[in-house]
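Me: Could you walk me through this one? I'd like to go over its contacts by question and answer.

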Protein chains: 2
Amino acid sequence: MSAADTKLTILDAAERLFADHGFAATSLRNIISEAGVNLAAVHYHFGSKDALIKAVLDRRIIPLNLERLRLLDLADAGGADAVDFLEQIIEALIGPPLRLSRENKTAGEHFMKLIGRTFAEADENLKKMFFAMFDEVVRRFFPAFEKACPHLPSSTLFWRCHFMVGGMAHTMCDKEAVEMYAKGVCDTNDVDGIIRELVEFSAAGLRATANLTTAKTKVKVRK
Amino acid sequence: MSAADTKLTILDAAERLFADHGFAATSLRNIISEAGVNLAAVHYHFGSKDALIKAVLDRRIIPLNLERLRLLDLADAGGADAVDFLEQIIEALIGPPLRLSRENKTAGEHFMKLIGRTFAEADENLKKMFFAMFDEVVRRFFPAFEKACPHLPSSTLFWRCHFMVGGMAHTMCDKEAVEMYAKGVCDTNDVDGIIRELVEFSAAGLRATANLTTAKTKVKVRK
DNA sequence: GTCTATATGGGGATAGAC
DNA sequence: GTCTATCCCCATATAGAC
């Protein structure tokens, strides 16, 4: 096996195991046994477990974010006044990560779970690293959402984008859980369908007027 | 220190550390050092690390779910045809966990992070245990949502509820991340405000008609 | 570049004195 | 009920032969 192969094999095994069991719960020994390589090879190629984690994430996130920005540029080029501009930028943000699962198993489903998991499992260290990876995406997308939602105060816009990302993350990390609850009701493998569902749901949520100061949504639940 | 105190102290320390670092990354030794008790005490009172995890979750989730069902009954009693019935049941589902953070630090914020994290960090074991805790809640709430959203096919209803829960989970687990991105734009401590934002966003998303078969939301992104 | 062997420390769990 | 002491395993990481 060539050196490049060894490195790739380690990355693939690590991606799968991290996705299934989490970073802390996955040992380098689990990884090398899955990959069929030697323990020392991991340290030779990556230096440390933390560096391996970063390499696993970088391999997917960097092209992923490039694709997001490409789609955002495409939407911008189409004109921010298009009736479905909002749908287009939502799709540009949530489509690429969800669509990853359509590719082969290694590149897709495992990583999808992994990135969903990473949202939650962050050590302070990992968290900083992870969110830094999305800095530019946030910086580029937020103004687009402001353009698409001029009716919203920025705090409301922020929360709604946050909820949308939560829906995306939750969908990415627990396909099995969905299947547990939704036996037969919906198809968790129809990624394009899921994306359309999330786009539609989020667009409707983002288009709604902000009524927080009225009494209407203040549900009286405390007796 | 009495036996009951020891047990409580362990639960509190475990809750905080699990919330901050995750289940796998937190050792019993971390916990006893935080709690100021002996390692053997953990095994005496709980039996194993897994049983301790379950005890930590049970302590909050059981009353939490009771409160959810109480609020659901209250909404049902008010009549399913009330204009804000949908808002009421959304609030009944997402309000109690988010509201926990208003209580004291131990009972609240730590657990909020913890339960958000648990959504993602599940071992297969833990995941089964965790989702079993919400079985009854799902069984009772889903028909209420069906009543409130007769316009939606059940697969679309299911996905939208799923996205809503994702927004809730994401909000619960990464207050720091929100603050990183939203410097000053919104107040992450205003839990009632967050709840109202999420209720409003989700209600709008759930009320929207399902257009998936039309071309409108099929954003053409692939050249 | 890849291996074996090992250093060094931390993990969960338990036996048995008090 | 609580402690000390310890078992035994697994973790990350590295040294050094090939």
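What follows is a short exchange about a predicted model, first on the DNA and then on the two chains.

Me: Which helix gives the most to the surface near DNA strand C?
Reply: Helix 1 and helix 3 of chain A, plus helix 2 and helix 3 of chain B, each supply at least two residues there. The top contribution is three residues, and it comes from helix 3 of chain A.

Me: Which residue puts a polar side-chain atom 2.7 Å from a base nitrogen of DNA strand C?
Reply: Two phosphate oxygen contacts can be set aside: a polar side-chain atom of His45(A) sits 2.9 Å from one, and a polar backbone atom of Leu28(B) is 2.8 Å from one. Of the strand atoms within 4 Å of the protein, 60% belong to sugar or phosphate and the rest to bases. The base nitrogen partner is Arg29(B).

Me: How much area do chain B and chain A bury between them?
Reply: Contact involves 73 residues of chain B and 73 residues of chain A. Carbon and sulfur atoms carry 66% of the buried area. The total is about 6,800 Å².

Me: What does Arg160(B) meet in a salt bridge?
Reply: Between chain B and chain A the count is two salt bridges, along with 12 residue pairs in polar contact. For this one, the N to O distance is 2.7 Å, and the partner side chain is Glu200(A).

Me: And which helix of chain B gives the most to the side that touches chain A?
Reply: Several helices give two or more residues, including helix 4, helix 8 and helix 11. The biggest share is 15 residues, from helix 9.

How values were computed: Residues are numbered from 1 along each chain as its sequence is written. Chains are lettered from A and ligands numbered from 1 in the order in which they are written. This is a predicted model: local features need pLDDT of at least 70, side-chain atom pairs count only at pLDDT 80 or more; totals for chains, interfaces and linings use all residues. Side-chain values use heavy atoms; hydrogens and water are left out. A residue is near a molecule or strand if one of its heavy atoms lies within 4 Å of it. A polar contact is a pair of N or O atoms within 3.5 Å; within protein, one must be able to donate a hydrogen and the other to accept it, and residues adjacent in sequence count only if both atoms are side-chain atoms. Helices (H or I, at least four residues) and strands (E, at least two) are DSSP runs, numbered from the N terminus. Contact means heavy atoms within 4.5 Å. Buried area is the accessible area (1.4 Å probe) that two parts lose on being put together, summed over both. A salt bridge is a side-chain nitrogen of Lys or Arg within 4 Å of a carboxyl oxygen of Asp or Glu.
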